[in-house]
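Here is a structure to explore by question and answer. Take a look at it first.

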Amino acid sequence: MKQYQYQVPAHRLFWHALRLRCPYCGRGKLFSHGFTMNDHCSNCGWIFEREEGYWTGAVAVNLVVAEFLAAAGAIPLAIMQVSPVLVMSIGVPLVIALPFLFYRHSKSFWMAFDFMIHPVSLTEKN
Ligand SMILES: [Zn+2]
């Protein structure tokens, strides 16, 4: 039995993720307001959480990217032997703030990445 799959082109997935839209149709919003994520797409009905624990990878990538950026900002200051108090006063707020700033896009890009690796099978859709 042949299984049909729907592959969204990578450039469209990237565009949908950047705009926080449904990776499947690109129209429905992922978030209703703030950090509150919709369960499914208001346009096509796609359920965003494909399986239990789906967002674990998004959270991990979010933390790694945020901490990398904070380190990229703090390490040059430390090498230049700037006051440790100044380095900490810049680095600590960045370490706390960046994961919140990237939270929504980390989920969005996680979904896009997942769509590239695991295209939607027609049996999965609806
Ligand atoms: Zn949709």
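**Core and helix packing**

Q: Which residues make up the largest nonpolar core of this predicted model?
A: This core has 12 residues. Aromatic names on the list include Tyr24, Phe48, Phe109, Trp110 and Phe115. The others are Leu13, Ala17, Cys22, Leu30, Cys41, Ala58 and Met111.

Q: Which element gives the largest share of this core?
A: Two elements give two or more residues to the core: helix H1 (10-18) and helix H3 (84-117). The largest share is 4 residues, and its source is H3.

Q: Which residues does alanine 58 touch, leaving out those up to four places away in sequence?
A: Alanine 58 belongs to the largest nonpolar core. Its contacts, with those sequence neighbours not counted, are Ser106, Lys107 and Trp110.

Q: Is glycine 57 buried, exposed or partly exposed?
A: Glycine 57 lies in helix H2 (residues 56-79). A buried residue needs 20 or more C-beta neighbours within 10 Å, and an exposed one has 12 or fewer. Glycine 57 has 14 inside 10 Å, so it counts as partly exposed.

Q: How far apart are the C-alpha atoms of glycine 57 and serine 106?
A: Along the chain, these two are 49 residues apart. In space, their C-alpha atoms are separated by 9.1 Å.

Q: How are H2 and H3 oriented to each other, roughly parallel or roughly antiparallel?
A: Their axes come within 7 Å and cross at roughly 150°. Angles over 145 degrees count as roughly antiparallel. H2 and H3 are therefore roughly antiparallel.

Q: How many nonpolar residues are in the contact of H2 with H3?
A: H2 passes H3 in a right-handed crossing. By class, their contact has 5 polar and 2 charged residues. The nonpolar residues number 20.

How values were computed
Residues are numbered from 1 along each chain as its sequence is written. This is a predicted model: local features need pLDDT of at least 70, side-chain atom pairs count only at pLDDT 80 or more; totals for chains, interfaces and linings use all residues. A nonpolar core is a set of buried Ala, Val, Leu, Ile, Met, Phe, Trp, Tyr and Cys residues joined through C-beta atoms within 7 Å. Two residues are in contact if their C-beta atoms, placed from the backbone, lie within 7 Å. Axes are lines fitted to C-alpha atoms, for helices over the stretch in contact, and angles run from 0 to 180 degrees between N-to-C directions. Angles under 35 degrees count as roughly parallel, over 145 as roughly antiparallel, 65 to 115 as roughly perpendicular and the rest as oblique. A crossing is left-handed if the near helix is turned anticlockwise from the far one by less than a right angle, and right-handed if clockwise. Ala, Val, Leu, Ile, Met, Phe, Trp, Tyr, Cys and Pro count as nonpolar, Asp, Glu, Lys and Arg as charged, and the others, Gly among them, as polar.
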